[in-house]
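Me: I'd like to go through the labels on this model and see what backs each one up. Can you take them in turn?

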Amino acid sequence: MPEPRSPADSPPTLRDVAQRAGVSAMTASRALRDDPGVLAATRERVRAGADELGYRPDEAARDLRPGSGTGLVGVVVTNLANPFYSRLALGVDSVMAGEGFKTVIGNTGQDLDSERELVAGLVARRVDGIIAVPAAADQRHLAAAAADGVPVVLASRPPEGFEADCVLVDDFGGARAATARLITRGHRRIGFIGSPPAVYTGTERLRGYAAALAAHGIPFDDSRVRQGQTEPREARRAAAELLALPEPPTALFCSNNRNTIGAFRAIRASGTDTALAGFDDFELADSLGLPLTLVAYDSDEVGRAAGRLLAHRLRRTDPENEKKSALGSIQRIVTPTSLVEYGS
């Protein structure tokens with residue numbers, strides 16, 4: 001039990017009430033609003049904690065409190081130009097529309113400051129929940145939103161420093177399988193073209209690539225790795241650098257569709273028969289006219305799964321259980337991948 005607060009202390013906050021009652025801030029907020037989804041015993045415990053601390057909500061700001069119900073859900077992604085994120089957003093929207101919510105989409109451009117501003121703006125506009133693809137490992141702003149009563153679900157990247165539902169893709173397994181496919185076709189010099197190191201998916205896919213090399217006794221060679229590309233033009237330059245090495249790779253593995261497109265252009269320009277594999281299927285992949293192995297998965301389903309998790313949070317009957325990850329309350333869904341082949 002926390003020590004009683006001194007009158008000299010700063011005014012008690014909702015988090016103080018939640019700590020005194022042994023529940024989350026989200027549950028405390030709902031209990032103080034007489035949310036029927038909170039157990040009567042929990043409501044009584046929260047109100048008793050509020051009375052003991054002398055907590056008094058700001059009545060003028062009551063209607064501005066996050067989670068008070070606007071029918072809006074925020075979707076925060078890193079790059080809407082990438083079809084994966086636009087399909088993910090459509091998947092979220094299809095589920096949330098069926099639940100009676102409208103989605104508000106924000107694009108961060110892989111910039112953490114932009115993400116912080118977007119999340120703050122969504123919370124200020126009283127969205128009922130947020131689905132986010134975090135730009136970096138620093139997720140304190142998302143943790144703060146969740147602690148203040150806004151349900152948060154992450155997609156494509158797991159939570160860091162707080163508990164939240166998330167939907168991931170089997171990044172490691174897909175990259176390992178695609179690289180292994182190249183190896184079984186006789187390639188031993190395989191280049192890697194990937195996202196910035198701070199991007200979780202790119203790091204996991206590099207790890208899968210390295211694991212496939214190790215499993216076949218092929219040394220990992222830093223000189224054949226290029227990271228940091230987010231657009232096709234950057235990937236084309238990176239691929240051209242690899243193809244110009246004294247002993248160039250005979251195959252390239254790319255960590256996302258934008259990098260695969262750039263690498264394809266570099267291979268075409270070089271006139272080589274370099275094999276190509278990549279993560280993410282994309283339109284016209286079957287029309288490129290070269291052997292191509294792609295890691296495929298349902299990006300719409302990633303969004304739909306995130307939407308279902310958020311909908312569950314918004315209508316759950318006992319919000320107090322959200323803290324009990326050990327009992328399986330916090331959910332982590334991993335979307336499976338498969339390999340598809342184009343060309344001869």
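Me: How do you know that the end C-alpha atoms of helix α8 (residues 200-215) are as far apart as they should be?

Reply: First, the ground rules: this is a predicted model, where local features need pLDDT of at least 70, side-chain atom pairs count only at pLDDT 80 or more, and totals for chains, interfaces and linings use all residues. Residues are numbered from 1 along each chain as its sequence is written, and side-chain values use heavy atoms, with hydrogens and water left out. Now α8: the expected span of a helix is 1.5 Å times one less than its number of residues. For the 16 residues of α8 that gives 22 Å, and the end C-alpha atoms sit 23 Å apart, so the two agree.

Me: Why is α7 called oblique to α8?

Reply: Helix α7 (residues 171-184) packs on α8 at an angle of about 40°, with the axes 7 Å apart. Under 35 degrees counts as roughly parallel, over 145 as roughly antiparallel, 65 to 115 as roughly perpendicular, and the rest as oblique. So α7 is oblique to α8.

Me: What makes Ser-156 buried or exposed?

Reply: Buried means under 20% relative accessible area, exposed over 50%, and partly exposed in between (1.4 Å probe, protein chains only). Ser-156 has 7%, so Ser-156 is buried. Ser-156 sits in the loop between β4 (152-155) and β5 (165-169), and its phi is positive, near 75°, though the residue isn't glycine.

Me: And what makes Leu-284 buried or exposed?

Reply: Leu-284 has 60% relative accessibility, so Leu-284 counts as exposed. Leu-284 is in the loop between β9 (275-279) and β10 (292-296), with a positive phi near 70°.

Key. Helices (H or I, at least four residues) and strands (E, at least two) are DSSP runs, numbered from the N terminus. Axes are lines fitted to C-alpha atoms, for helices over the stretch in contact, and angles run from 0 to 180 degrees between N-to-C directions.
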